[in-house]
Amino acid sequence: MRMMPLEEADITPFQRRVYEAVLEIPHGFVTTYRWLGLAIGCRSPRAIGQALRRNPFAPEVPCHRIVASDLTIGGFAGKRQGPKIAKKRRLLAEEGVRFEDGRLADPNCLFTFGMETPAR
DNA sequence: TACAAGCAATAGT
DNA sequence: ACTATTGCTTGTA
């Protein structure tokens, strides 16, 4: 598989921002659409999901490390349920991120791009 | 170029 | 549980 620089890809600037941010997620960690939005200054998580859905860089860009803000597993491959989701869960399990009943077991695995944890 | 519809979500009611 | 909001992509005229 070819490693194509993001610069030469046929993508929009927004998509490039999203992928760059996703690449910063360390192995064994996950982040949420919310955090991604904060990181790249986008207040519309749906746009992020759409960008990831059209991800031409799978699996070079670990789009499986994105979960929903309430720590549910979120969606994958354009769906919110089905075999794709099971695969996403398995991929995360391989990286040491454990899920329980469709929810992230250890919130400690959340990667917040060096920002402070959300004031809840 | 202009407009409408859709999306792997989230917050508020 | 349901609706509103939100930024961006894509398709059609």
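How are α1 and α3 oriented to each other, roughly parallel or roughly perpendicular? Before you select them, note that this is a predicted model, in which local features need pLDDT of at least 70, side-chain atom pairs count only at pLDDT 80 or more, and totals for chains, interfaces and linings use all residues. Residues are numbered from 1 along each chain as its sequence is written, chains are lettered from A and ligands numbered from 1 in the order in which they are written, and side-chain values use heavy atoms, with hydrogens and water left out.

Select residues 13-23, helix α1, and residues 45-53, helix α3 (helices are DSSP runs of H or I with at least four residues). Their axes, 10 Å apart, make an angle of about 85 degrees (axes are lines fitted to C-alpha atoms over the stretch in contact, and angles run from 0 to 180 degrees between N-to-C directions). The two helices are therefore roughly perpendicular to each other, a term that covers 65 to 115 degrees.

Next, show F14, Q15, V18, Y19 and V22 of α1 with A47, I48, A51 and L52 of α3, which make the contact (heavy atoms within 4.5 Å).

Now turn to DNA strand C, which is surrounded by T12, F14, C42, R43, S44, R46, A47, Q50 and R54 (a heavy atom within 4 Å). Zoom in on S44, where a polar side-chain atom lies 3.2 Å from a base nitrogen of the strand, and then on A47, where a polar backbone atom is 3.0 Å from a base nitrogen. Finish at R54, whose side chain has an N or O atom 2.5 Å from a phosphate oxygen of DNA strand C.

Terms used: Parallel < 35°, antiparallel > 145°, perpendicular 65-115°, else oblique. Polar contact = N/O pair within 3.5 Å; in protein donor to acceptor, adjacent residues only side chain to side chain.
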